[in-house]
Amino acid sequence: MESSSQRFPATLLEQKVATRLREAGASEASLTAAARAMLHASLVGVDSHGVRLTEHYCNMLGGGRLNKYPQLKVDIRASGSAMVDGDDGLGHYAAYKAVDVGIELAQQAGVGAVGIAHSSHLGAAGAYALAGAERGFVTFATTNTDSMVALFDGAARFHGTNPLAFAAPVPDSKPWLLDMATSSIPMNRVLLHRSLGLELPPGVAADKQGGATTDPDAADMLLPLGGAEYGYKGAALAGVATLFSALLTGTTLDTDFIPMYGGDDISTPRNMGHFVLVIDPDKFVGRELFGTMITRYLASLRSAPVRPGADRVMAPGDREWEEMARRQREGAPVDPDTIRFLGL
């Protein structure tokens with residue numbers, strides 16, 4: 001995927017992303033959140049949700065779909081629940097705010113469940129789960145998105161890629177982190193393969209008739225996680241994201257979204273919903289014992305027997321932290337179109 005890319009230092013990328021978003025009119029608070037989330041994705045290897053999205057966000061700011069100066073509103077509904085109104089701004093801004101609100105609630109009630117309405121695309125959901133874990137809280141973040149994934153045995157788009165992200169603090173170590181789409185791959189990965197001229201892996205995308213394809217230009221929809229035999233699992237998990245992000249927040253169903261890409265309308269807000277759940281270990285087993293338990297659990301996991309031909313067993317997040325360390329040393333890869341847009 002990096003064959004035609006060039007590498008650049010994270011600090012330079014963050015500066016260039018912020019500059020372009022600022023030129024597009026985004027407020028400092030919202031562009032700072034967006035740059036933070038995009039840099040997270042670009043450093044951990046989720047390039048489809050990284051700095052390459054800067055141009056799209058700038059276009060949406062220019063077209064009016066995104067509010068340049070959103071005024072976030074927080075409505076505390078109960079001791080452990082709240083809603084955040086994103087005011088149709090950059091979704092990263094509302095999502096990070098929801099983590100802050102969730103932490104405040106969890107410190108009092110043990111859990112903080114925060115729905116988000118009137119928002120927009122938030123990038124990699126793992127950025128927000130990680131934000132909670134880095135402050136010592138077990139955190140879940142999810143969103144539903146516009147239809148681009150077939151149902152199991154289906155031949156039409158139904159769910160979005162609908163990520164589920166979880167993170168937990170680990171003493172003296174990087175957090176345990178799981179960030180997964182409930183589709184086979186994200187649609188942005190298809191777009192990235194198109195821009196780089198690379199073939200898709202088998203069993204991840206389908207053409208307009210629902211037939212599997214490896215041609216990124218022929219791909220019209222994604223296949224659910226689990227493949228031809230077990231795709232019903234991915235299709236059902238996609239519904240979990242819709243349950244939390246759309247149904248509990250009263251926002252937009254996957255099938256009702258204005259498409260993120262390809263439409264003529266870039267002025268109408270999409271009213272995306274997201275959901276963040278924050279859990280305070282202190283209000284359960286206690287932070288110290290939780291830290292002892294997760295350390296022991298991960299040590300056991302990583303030392304588990306390895307099948308023939310395999311190198312080692314990895315915990316969720318291990319690959320991401322190794323990739324982040326490599327990219328911090330060598331720079332993050334950027335595709336040619338994004339290099340031109342950012343002026344690198």
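Which residues does Asp 280 touch, not counting residues up to four places away in sequence? That was my opening query on this predicted model.

**Entry: Asp 280**

I found Asp 280 touching Ala 106, Gln 107, Gly 110, Phe 137 and Arg 287, with residues up to four places away in sequence left out. With Arg 287, I also noted a polar contact of 2.7 Å between the two side chains. Looking along the chain, I placed Asp 280 in the loop between E12 and helix H8 (287-302). Is Asp 280 buried or exposed? I read a relative accessibility of 2%, so Asp 280 counts as buried.

**Entry: strand E5**

From that loop I went back to E12, which covers residues 272-279 and pairs with E5 in the antiparallel sense over six bridges. I picked out one pair: Phe 140 has Leu 277 in E12 as its bridge partner. Next I looked up E8 (residues 164-168), which is joined to E5 by four bridges and runs antiparallel to E5. Here I noted Leu 164 of E8 as the bridge partner of Thr 142. How many of the six residues of E5 (residues 138-143) are buried? I got five, so the strand is largely enclosed by the rest of the structure.

**Entry: Gly 331**

My last stop was Gly 331, in the loop between helix H9 (318-330) and strand E13 (332-334). Its relative accessible area is 5%, and I logged Gly 331 as buried because that is under 20%. Setting aside neighbours within four places in sequence, I listed Arg 7, Phe 8, Pro 9 and Arg 326 as its contacts. I also checked Gly 331 against Pro 70: they are 261 residues apart in sequence and 32 Å apart in space, C-alpha to C-alpha.

Methods:
Residues are numbered from 1 along each chain as its sequence is written. This is a predicted model: local features need pLDDT of at least 70, side-chain atom pairs count only at pLDDT 80 or more; totals for chains, interfaces and linings use all residues. Side-chain values use heavy atoms; hydrogens and water are left out. Buried means under 20% relative accessible area, exposed over 50%, partly exposed in between (1.4 Å probe, protein chains only). Helices (H or I, at least four residues) and strands (E, at least two) are DSSP runs, numbered from the N terminus. Two strands pair if DSSP finds at least two bridges between them. Contact means heavy atoms within 4.5 Å. A polar contact is a pair of N or O atoms within 3.5 Å; within protein, one must be able to donate a hydrogen and the other to accept it, and residues adjacent in sequence count only if both atoms are side-chain atoms.
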